[in-house]
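Visitor: I would like a close look at one part of this model, the charged pairs that hold it together. Please set them against the rest of the protein.

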Amino acid sequence: MKKLLIIFGAAIALLLVIFGGWQLKSDQKLSIAIIDKTVATTEYQEHQGLNWLLKAEKYVNDKGEPYALTDYFGYHPEQDQPVGKLPTSYDDTNLIYIADTYGVYEEKQGQAKPKKLDGGLTMDEWNAVFKRLEDDKAVTLVTEFNTLASPTTTEVREHMSSVLGIHSSGWIGRHFNELSLDNPDMPSWLKNEKNWPYSGAGFVLVNEEQEKYFILKDDKDVASKLTVKYTEAGQKAFDLTESVAFNGWFDIVESESAEATLANFHWDLTDSGKQLMKEHGVPTKFVAVNKMTMNNATAYYFAGQFNVTPSVPNYYQFLGVETLNSWISHFSKETGFYWDAYVPMMKKVLAQTTAQKNKKVAALKKPKEVQYVSRIHDNGMQVQVNGKWQSMKIQGVNVGMGKPGTFPGQAAITENEYYKWFQDIGKLGSNTMRVYTVQPPGFYNALKRYNEAHEQKLYLLHGTWIDEERIVHKGNVFDKQATTEFRDEIRHIVDILHGNEMIAYKKGHATGAYTADVSEYVIGWVLGIEWDPVMVKSTNKKNKAVGDYKGTYVYTKGASPFEHWIAENLDYVAKYEKDKYNWVRPLSFTNWVTTDLLEHPEEPDPEEDLVSVNPNVIHLKGDVTKTQQFASYHVYPYYPESLNYQYNDYIDFRGKKNNYAAYLKDLHAAHDMPVLIAEFGIPSSRGKTHNNVNGWNQGHMSETAQGETLVHLFEDILHEDMMGGLIFTWQDEWFKRTWNTMDLDDPDRRPFWSNAQTSEQQFGLLSFDVLKVKVDGDDRDWEGAKTMYESSGPIKSLMMQHDERYVYYKIQMSADAKGYPMLMLDTKQTQGNTKINNYKLKTENGLEFIAPLKSAKNARLLVDTQYDIYALYYGKYDPENITYHPEKNTGNFTKINYVLSNELNIPTTKEKSHSLGMKRANYLKAMRILKQKTIILLLILI
């Protein structure tokens with residue numbers, strides 16, 4: 001009996017501790033703004049899991065009251081006016097929790113699409129959140145699945161992604177135990193599918209914007225459950241190590257940085273599953289939890305319906321309630337993730353938010369002594385390494401913002417991609433990179449990571465962009481709007497370099513949270529762009545009265561108005577950084593041959609020698625004299641044309657004629673300061689844009705020739721004892737255009753394919769071309785390709801493949817075939833020849849192109865004379881060599897020419913240079929057919 005009393009007493013005591021302990025636990029005041037626009041019923045499913053946890057952990061609002069299920073901003077079905085407004089200010093909020101923004105929709109019979117009642121985040125709504133993240137008071141942002149999905153606008157999603165450190169693929173998914181459309185959990189819009197052969201268990205993957213979906217069947221395509229697996233950083237952050245199965249909806253997103261990833265989704269895809277993911281362009285590895293920190297703001301992205309649970313218990317008022325339910329959940333597939341993963345993760349997030357809620361960003365402290373890590377000394381660049389100055393020849397690359405599938409203004413290159421690039425750039429032996437404008441946050445994060453991990457640093461020369469279109473249109477660089485925006489960018493970049501900037505969304509620009517301090521790796525400024533000569537001259541004419549500039553650190557002697565403007569903005573960047581951070585660094589601005597300070601009497605184009613922008617008239621004083629200035633020029637061997645005529649008698653150190661070395665010598669001698677060749681390069685395109693007298697052409701160069709020429713040019717730079725040189729450019733950029741092809745393609749589609757004829761796209765050392773087929777006589781890369789034509793005749797078979805650059809053909813001839821094959825291409829309906837005069841052939845289809853493949857060295861693509869764009873545009877300039885027939889179906893075909901320039905008149909010699917055409921196709925490796933949906937192939941043996 002006594003023993004029973006002891007047991008009973010102990011049980012009572014335990015219950016008192018469990019229940020009484022919870023009652024005695026102090027309330028925790030935390031200002032939380034919950035945003036949920038997807039509340040179709042009063043079950044409040046999209047945030048009820050969070051609400052239960054807040055009550056269990058005794059978090060209360062500013063009034064000291066527990067959070068109710070209706071304490072949120074968004075759609076309120078219990079109210080007469082359910083569409084609620086989101087806060088315009090979160091100034092006193094400690095935690096912003098965006099649970100779901102997908103929205104609420106009304107479906108009516110006969111209605112094609114459901115009507116949106118509420119849903120998506122507007123830019124104003126997001127900007128209010130972003131403004132809070134910029135504040136100096138600590139705040140935590142948690143966002144869940146669907147925040148980045150439709151109907152939130154693309155602009156909002158892009159900016160949110162930059163802050164959250166992720167990139168969305170546009171795909172979402174969920175596992176269903178039964179894929180039949182009879183399953184009530186299947187999305188309602190899928191139930192309209194007429195052809196639905198699926199049943200059993202599997203994953204549905206959906207891209208709503210593209211209106212696409214596909215299915216991964218259990219066992220057949222996926223060999224395991226989807227689990228959330230914590231990274232080392234995640235294990236440390238949450239004290240969780242075990243992977244947890246997840247059954248809800250999930251986003252397929254990738255992280256900017258592996259260091260920011262706290263957990264990944266994991267599954268075992270079979271070969272067929274991997275193939276399906278590849279076919280639809282869906283990444284096989286994707287993030288579950290991502291964390292970004294910015295000053296006193298912390299942002300989490302939960303890439304799934306983590307807080308959504310079918311039900312939560314009515315009880316919560318005792319200690320250990322979460323642990324008890326975690327044990328119980330082991331018998332439930334539906335609630336296990338909530339208790340085993342979401343609850344412990346959010347308890348950590350809430351505790352950290354509470355601990356930091358009164359924290360403020362420390363006031364910026366400037367160092368007492370002026371700081372600098374680079375300087376111009378002994379006619380070159382010096383950097384400080386371990387407290388000692390070391391001379392450094394600058395050698396490296398310019399890095400653009402483009403990659404396949406995106407325009408540069410989308411700032412789509414990820415931190416992980418940048419880091420991989422920096423590794424490769426470092427392996428080249430580079431010590432310097434140059435960029436032209438604000439980069440996405442991942443660029444600076446990756447630069448900091450790289451330099452902290454590598455003894456040999458990659459230094460940065462940073463540029464600033466200006467609205468070229470506006471200043472050219474206005475004919476005045478002093479234009480108030482253009483100069484204001486230029487200086488806005490200067491301030492942004494200075495703050496970015498010191499890890500101290502948050503930039504709100506601006507279309508076509510890199511924005512987001514910049515927290516990586518890379519100031520110790522930035523060795524100089526190179527402001528501006530290649531200046532339009534007509535604009536420079538117009539500026540000088542319109543601003544004659546401005547006189548010389550006298551600033552805090554920069555002044556001029558005998559400057560033109562344009563040079564005054566340059567000096568004023570060099571002073572602006574120096575003063576802003578010195579005043580705010582007490583840092584200085586070497587100053588420069590972009591210049592090029594067109595506006596150099598030399599005379600070019602043999603230049604055939606007057607605009608190319610119209611005006612000069614002279615760095616020698618700009619002088620420094622005060623603290624910036626510690627770091628000095630240098631001149632920066634873009635110098636290519638083929639442009640402008642005067643380089644081919646004025647300098648080619650010069651004999652270089654190799655004993656050979658060299659117009660490039662001659663120009664460098666004159667340029668160097670004309671300057672009172674060191675000169676950096678900030679751009680030099682050669683494109684490895686099939687197409688050509690300019691000729692060079694020594695064969696260093698702008699295009700029609702192989703990659704081998706490109707590499708050899710780059711070495712040759714850099715040797716010239718070093719031999720002339722310039723500061724160094726930066727190759728243009730690191731990566732190919734498919735979005736670019738060239739003057740002699742730009743009218744023949746769709747500008748909105750340029751980033752999506754590689755145009756071999758556009759030289760400007762092919763300057764990069766890094767190519768993105770797949771080159772699915774190597775035209776080298778080895779046909780193993782044709783394995784698996786579809787055979788389009790087979791016969792027992794002389795032509796045994798025809799196969800065709802394509803990638804983003806070329807269309808490839810493989811023709812298999814019989815051993816006893818005589819003659820040669822001809823490709824006949826019908827690319828446009830109602831167009832082309834139905835006869836070929838030279839071969840006395842007739843066809844049913846109208847042919848725009850034919851390709852007689854006579855031999856390996858005698859294969860040419862010919863065009864219908866009525867379809868010859870070159871002849872249509874330029875025939876009047878070269879009538880003797882061009883055949884054009886305005887009428888259709890003449891049966892005539894002609895070679896394809898390629899315009900390089902108009903007739904050139906050399907002023908000093910009165911010489912006329914005929915440089916009109918380049919024969920475009922001496923051999924047929926492949927052909928890219930533009931803007932056509934159908935290609936009809938006709939093969940005939942000649």
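Guide: What follows goes from the whole protein to its salt bridges, and then to the cores and a few single residues.

This is a predicted model, in which local features need pLDDT of at least 70 and side-chain atom pairs count only at pLDDT 80 or more, while totals for chains, interfaces and linings use all residues. Residues are numbered from 1 along each chain as its sequence is written, and side-chain values use heavy atoms, with hydrogens and water left out.

The average pLDDT (the predictor's confidence in each residue, from 0 to 100) is 89 for the protein, and 93% of the residues score at least 70. Over residues 915-942 the pLDDT stays under 50, and the model has 106 contacts beyond four places in sequence for that stretch. Contact here means heavy atoms within 4.5 Å.

The C-alpha trace spans about 120 × 85 × 50 Å along its principal axes. The secondary structure comes to 18 helices and 47 strands; these are DSSP runs numbered from the N terminus, helices being H or I with at least four residues and strands E with at least two. Of the 942 residues, 54% count as buried. Buried means under 20% relative accessible area, exposed means over 50%, and partly exposed is in between (1.4 Å probe, protein chains only). Among contacts between residues at least 6 apart in sequence, 70% join residues at least 24 apart.

Now the charged pairs. Side chains of opposite charge can pair when their charged atoms come close. The structure holds 30 salt bridges, each being a side-chain nitrogen of Lys or Arg within 4 Å of a carboxyl oxygen of Asp or Glu.

One of them joins the side chains of Lys 37 and Glu 125, at 3.0 Å from N to O. Lys 37 lies in the loop between β2 and α2 (45-56) and Glu 125 in helix α3 (residues 123-134), so this pair ties together parts that are 88 residues apart in sequence. Lys 37 is buried, with a relative accessible area of 3%. Glu 125 is buried as well, at 17%.

Another salt bridge is formed by Lys 578 and Asp 623, whose closest N and O atoms are 3.3 Å apart. This pair links distant parts of the chain, with Lys 578 in helix α14 and Asp 623 in the loop between β29 (618-620) and β30 (631-634), 45 residues apart. Lys 578 is buried, at 13% relative accessible area, whereas Asp 623 is partly exposed, at 25%.

Asp 779 and Lys 810 also meet in a salt bridge, at 3.1 Å from N to O. Asp 779 is in the loop between β34 (724-727) and β35 (787-790), Lys 810 is in strand β37 (residues 807-813), and the pair links these distant parts of the chain, 31 residues apart. Asp 779 is partly exposed, with a relative accessible area of 39%, and Lys 810 is buried, with 18%. Elsewhere, salt bridges that share partners join Asp 652, Arg 654, Glu 715 and Asp 716 into one network.

Next, the nonpolar side. A nonpolar core is a set of buried Ala, Val, Leu, Ile, Met, Phe, Trp, Tyr and Cys residues joined through side-chain atoms within 4.5 Å. The largest has 100 residues, and Phe 422, Met 433, Trp 531, Leu 667 and Ile 677 have the most contacts inside it. Helix α14 (residues 561-581) gives the most to this core, with 9 residues. Leaving aside neighbours within four places in sequence, the contacts of Met 433 include Val 397, Phe 422, Phe 443 and Leu 461. A second, separate core of 89 residues includes Ile 166, Phe 214, Ala 288 and Leu 350.

Two single residues complete the picture. Ser 31 sits in the loop between β1 (28-29) and β2 (32-36) and is buried, with a relative accessible area of 10%. Beyond four places in sequence, Ser 31 is in contact with residues including Asp 62, Tyr 67 and Asp 92. Lys 212, in strand β11 (residues 212-217), is partly exposed, at 43%. Lys 212 touches Trp 171, Leu 205, Val 206 and Asn 207, not counting residues up to four places away in sequence. Lys 212 and Trp 171 are 41 residues apart in sequence and 9.1 Å apart in space, C-alpha to C-alpha.
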